[in-house]
Amino acid sequence: MYDFERSKRATHAYGLDDIAIVPSRRTRDTDRVNLDWKIDALTFDFPIMAAPMDSVMSPSTVIEFGKLGGLGVLNLEGLWTRYEDPQPLFDELAEMGDDVRTTCRMQEIYSEPIKPELIKARIGEIRAADVPVAAALSPKNTARFADTVVASGVDFFVIRGTTVSAEHVSDSPDVLDLRKFIYELDVPVIVGGCASYQTALHLMRTGAAGVLVGFGGGAAHTTRQVLGVEVPMASAIADVAEARRDYMDESGGRYVHLIADGSVGRSGDIAKAIACGADAVMVGSPLARATEAPGKGWHWGAEAWHGSLPRGERVHFDTVGTLEEVVTGPSHIPDGTMNLVGGLRQAMATTGYSDVKEFQRIELVVR
């Protein structure tokens, strides 16, 4: 703890850039590394989720990501559930360069109401492709559209916001009671973000199958500048991992998955997030570099089009290859932005670990 003069104390926290993985006494061949991630009744080829952001996940890229072996998540508050054909709007945004004009235009086009029939249609399209279906809503819209989402046949219901708590103080009669909502739901719920031991413990007690740690939003996020709020991811993941251990004892062995959601831009970040205790990671910005990305290199989160307090500017990335190349390779760029799965596999092979659960126990150093 650090003292701020005489009135405040603060904890020293670390981001993923502040830590490094320490090699162990052995190495192994990459083909002896198992990256399988099992959550609820489903098993994935690697522990990576694609973030529910319009700039990277359309129904078609969700399907492609699922066929590659991961879990893509569709944003049910995005353009795909507001417009029958949103492609002209993506094209328009891709051609806009002025940040202020772009923010105003995004606020305008995202003011179109969400349509339940489009929720059904988009989820149905993904379901028909025979890949796992995950769809996301913010806490404020969860109760309103939950019945439609569940009836449409999702495998995972993702409740994702900048910060999500099990208790929300409000005068509104429509406040989401997470514990009651999850208990009554027939599908597993992944909820977050959170950044601390106590908040994570509260979310785990709601019955969630997974907890998102961090803000999400990646490079497009400016919550620190607008709200003064920040999540140093290495410390947050380790803190929530401790909450998971304590919750297992409290619940008699119930395991809640920890998914790192934020500051994961390269394969090395994925490895370090898992080394801190994450079971999986949620990525957005690396996928914005794929040729199939709906944003055409532009990347933004839901915060960018907030009606009264936008706090996430668009950022632009150079296209580096196909979605398959970005996720599973081969890579032709030596900076960790391509072949994310291969980078994680190589990190585990280099340090001698055979599976993700073992890799969570690796030694770390502060740089």
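These questions and answers cover the fold, the cysteines, the unusual backbone sites and one helix of a predicted model.

This is a predicted model, in which local features need pLDDT of at least 70 and side-chain atom pairs count only at pLDDT 80 or more, while totals for chains, interfaces and linings use all residues. Residues are numbered from 1 along each chain as its sequence is written, and side-chain values use heavy atoms, with hydrogens and water left out.

Q: How many helices and strands does the protein chain have, and what makes a run count as one?
A: There are 13 helices and 16 strands. Both are DSSP runs, numbered from the N terminus: H or I over at least four residues for a helix, E over at least two for a strand.

Q: Why is the protein chain called as compact as a globular protein of its length?
A: Its radius of gyration is 20 Å, and the globule rule gives 21 Å for 367 residues. The two values are close, so the chain is as compact as a globular protein of that length. The radius is taken over C-alpha atoms, and the rule is 2.2 Å times the number of residues to the power 0.38. Along its principal axes, the C-alpha trace spans about 55 × 50 × 45 Å.

Q: What share of the contacts joins residues at least 24 apart?
A: The share is 67%, among contacts between residues at least 6 apart in sequence. A contact means heavy atoms within 4.5 Å.

Q: Why is C194 called buried and C104 partly exposed?
A: Buried means under 20% relative accessible area, exposed over 50%, and partly exposed in between (1.4 Å probe, protein chains only). C194 has 4% relative accessibility, so it counts as buried. C104 has a relative accessible area of 46%, so it is partly exposed. Across the protein chain, 53% of the 367 residues count as buried.

Q: How do you know that C194 is in no disulfide?
A: A disulfide is a pair of cysteine sulfur atoms within 2.5 Å. For C194, the nearest cysteine sulfur is that of C276, 14 Å away. The structure as a whole holds zero disulfides.

Q: Where are the cis peptide bonds of G193 and P330?
A: One joins G192 and G193, with omega about 20 degrees. G193 sits in strand β10, residues 189-194. Another joins G329 and P330, with omega about 5 degrees. P330 is in the loop between α11 (323-328) and α12 (340-351).

Q: What is notable about phi at S263 and K296?
A: S263 is not a glycine, yet its phi is positive, about 65 degrees. K296 is also a residue other than glycine, and its phi is positive, near 55 degrees. S263 lies in the loop between β12 (257-261) and α10 (267-275). K296 lies in the loop between β13 (280-283) and β14 (298-299).

Q: Why do S263 and K296 count as partly exposed?
A: S263 has 46% relative accessibility, so it falls in the partly exposed class. K296 has 45%, so it is partly exposed too.

Q: What makes helix α1 mostly covered?
A: Seven of its ten residues, 59-68, are buried. They are P59, T61, V62, I63, F65, G66 and L68. The buried residues pack against β6 (48-50), β7 (71-75), α4 (116-128) and α11. G69 follows α1 and has a positive phi, near 120 degrees.
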